[in-house]
Amino acid sequence: MPIAVDNDPLGSGLFPGSKFKGVQRSGRSEYDVEVELQDVNLGKAILCGYLKISGLTDEFPVLTTYFEAEIVGPRSSFLTDKWDADEKTDRDHWQKFPAFSKYASSVKTAHSSIDPSTSDHIFMRWKEHFLVPDHRIVSIPGASFAGFYYCVYERATAQIEGYYFHQTSEMFQSLNLRHVPQRSFAGFKFR
């Protein structure tokens, strides 16, 4: 008998099947973006899904990538320590989010006091891993998925704000997404 999975105890909009739509801005250009979450378990700091961006290149008018999130909390700190990001890069990006200000002075240890399952703001890094459906494509002229996004999800507004980082890409490309309300429940667990 199926039972409902309570991955979204506060009604935040973060649950398997949840969708977000918005834009990514790079310089004067703006691209439509859709995100569909595939797995979410804030208690275990798990979140992954598909990111679809339209109009970035002529060769691939719609690009879809699979991403996994590192959720800042007991398991991951604000410091990335990989993907070519150093502490200065982390600080420069996290400080773009007003909600980060209360953690800025203790960036190395603040994560241990954050509970993503109850926090008003969920800080994450989204790392794109491969192109969907062809995971063998590793690069596309005019597009980059070699970097990652610094993101924050605000429960009260059900919005995600983010900034893309890759050493050879334009700095502070912004990502702004709004939750798309759904009329049906998307997750079940069999016992």
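**Exercise 1. Find the partner that Lys 82 meets in a salt bridge, and place both residues along the chain.**

Solution. Step 1: look at the side chain of Glu 70, which meets that of Lys 82 in a salt bridge with an N to O distance of 2.4 Å. The term stands for a side-chain nitrogen of Lys or Arg within 4 Å of a carboxyl oxygen of Asp or Glu. Step 2: place the two. Glu 70 sits in strand 5 (residues 62-71), and Lys 82 in the loop between strand 5 and helix 1 (87-94), so this pair, 12 residues apart, links distant parts of the chain. Helices (H or I, at least four residues) and strands (E, at least two) are DSSP runs, numbered from the N terminus.

A word on the model: it is predicted, so local features need pLDDT of at least 70 and side-chain atom pairs pLDDT 80 or more, while totals for chains, interfaces and linings use all residues. Residues are numbered from 1 along each chain as its sequence is written, and side-chain values use heavy atoms, leaving out hydrogens and water.

**Exercise 2. Is Glu 70 buried or exposed?**

Solution. Step 1: recall the cut-offs: buried is under 20% relative accessible area, exposed over 50%, partly exposed in between (1.4 Å probe, protein chains only). Step 2: Glu 70 has 17% relative accessibility, so this residue counts as buried. Step 3: compare Lys 82, which is partly exposed at 35%.

**Exercise 3. Which residues are linked with Glu 70 in a network of salt bridges?**

Solution. Step 1: Glu 70 also forms a salt bridge with Arg 125, their closest N and O atoms being 2.9 Å apart. Step 2: Arg 125 is in strand 6 (residues 121-132), 55 residues from Glu 70. Step 3: the network therefore joins Glu 70, Lys 82 and Arg 125.
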